[in-house]
Amino acid sequence: MATFGERIANFFGGNDLETQEGLRGLFATELKDIYYAEKQAVDALGEQADASTTDEVRNAFLQHQDETRNQVARLEQVFSSIGIDVEEGSCDAIDGLVDDAQRVVSNTDSGSLTRDAGLIIAGQKIEHHEIASYGSVVTLAQVLGYTEAARLLQQTLDEEKNADKKLTVLAESFVNSRAASERDDDNDTYRNDTDRDEFDRQSVVKPDGTRYSDSSVGGSTESGYTSRNEGSAFGL
Ligand SMILES: [Fe+2]
């Protein structure tokens, strides 16, 4: 009989036929759950874009919504590559995270930067969930020898990490400080279009990570979010 250590080694090496069969089933279940989660994310990103106050945050959500549609199609390729039918599973986590994002909208004033700050936090929670999910299935695909599936899933994992970084850059560039000033303002969280016109766009980082001006700042921004890319900008 195999020792515990041998069983663990076989499990991660995918050499134990019985264990590998279990891993195959686990991999398929995880894929179906991510497929469901990504479809929910497409809808949620549209809602978050519609609710956003600034063009910068809205565009970030819309860009990632397009990317997420591609990720759904990529998952269908993964299903095909391992010879199983495309099927949606379930994911209580994404359901809860989407509910949290909707609660941000209902608890903040339309047109406020506090809403954008809240939406970025909610968006990053979703990205972190996706990063954890894709990291797991990439490892499972590698262990199981599904080379093409691992390559496709790694591509999406990289996109999710990048989406998270973009939200961090956005948050650091303007939402944090502006939301704080709204809290200090006796007029509470409402912010009108005149305020937006007066906003200094020169300091704003666009969703692609570049600034509207001052290209010299780009390098420090990059190094800044590289060192903090595992957390939310609002947790600093
Ligand atoms: Fe995502």
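Is E127 buried or exposed, going by its C-beta neighbours inside 10 Å? That was my opening note, and I started with this residue before looking at the rest.

**Entry 1: E127.** I'm working from a predicted model, so I keep that in mind throughout. I found E127 in helix α5. I counted 24 C-beta neighbours inside 10 Å, and the cut-off for buried is 20 or more, so E127 is buried. Next I looked up what E127 touches, leaving aside its neighbours within four places in sequence: the list is E160, A163, D164 and L167. I also checked E127 against E159, and their C-alpha atoms are 9.8 Å apart in space, with the two positions 32 residues apart in sequence.

**Entry 2: the overall layout.** I stepped back to see the whole protein. I get eight helices and zero strands. Reading from the N terminus, my list of elements is α-α-α-α-α-α-α-α. The protein has 236 residues, and 32% of them are buried. I then took the contacts with a separation of 6 or more, and 74% of those join residues 24 or more positions apart.

**Entry 3: the start of the chain.** I went to A2, which sits in the segment before α1 (4-13). A2 counts as exposed, because I find 11 C-beta neighbours inside 10 Å. Setting aside neighbours within four places in sequence, A2 still has contacts with R7 and N10.

**Entry 4: helix α3.** Does the length of this helix fit its residue count? I took the 27 residues of α3 (residues 55-81) at 1.5 Å a residue, which should span 39 Å, and the end C-alpha atoms are indeed 39 Å apart, so the two agree. The buried residues of α3 are V57, A60, F61, H64, T68, Q71, L75 and V78. Just after α3, I noted that G83 takes a positive phi of about 75°.

**Entry 5: α4 against α5.** Two packed helices are described by the angle between their axes and the distance between the axes. I looked up both values for helix α4 (residues 92-107) and helix α5 (residues 113-144): the axes come within 9 Å and cross at roughly 175°. An angle over 145 degrees counts as roughly antiparallel, so that is how α4 lies to α5. On the α4 side, I wrote down A93, I94, L97, D100, A101, V104 and V105 as the residues making the contact. On the α5 side, I have R115, G118, L119, A122, K125, I126 and H129. Sorted by class, this contact has nine nonpolar, two polar and three charged residues.

**Entry 6: A93.** I picked one residue of α4 for a separate look, and that was A93. A93 is partly exposed, because 16 other C-beta atoms lie within 10 Å. I also compared A93 with H129: they are 36 residues apart along the chain, and their C-alpha atoms are separated by 8.0 Å.

**Entry 7: the core.** Which residues touch the most other members of the largest nonpolar core? I found V137, A141 and L153, out of 42 residues in that core. At least two residues of this core come from each of α2 (17-51), α3, α4, α5 and α6 (147-184). The helix that gives the most is α5, with 12 residues. I finished with A141, leaving out residues up to four places away in sequence: A141 touches F27, Y146, A149, A150 and L153.

How values were computed: Residues numbered from 1 in each chain as written. Predicted model: local features only at pLDDT ≥ 70, side-chain atom pairs only at ≥ 80, totals over all residues. Helix = DSSP H or I, 4+ residues; strand = E, 2+ residues; numbered from the N terminus. Expected span 1.5 Å × (residues − 1). Buried ≥ 20, exposed ≤ 12 C-beta atoms within 10 Å, placed from the backbone. Contact = placed C-beta atoms within 7 Å. Axes fitted to C-alpha atoms, helices over the stretch in contact; angles between N-to-C directions. Parallel < 35°, antiparallel > 145°, perpendicular 65-115°, else oblique. Nonpolar A, V, L, I, M, F, W, Y, C, P; charged D, E, K, R; others polar. Core = buried A, V, L, I, M, F, W, Y, C linked by C-beta atoms within 7 Å.
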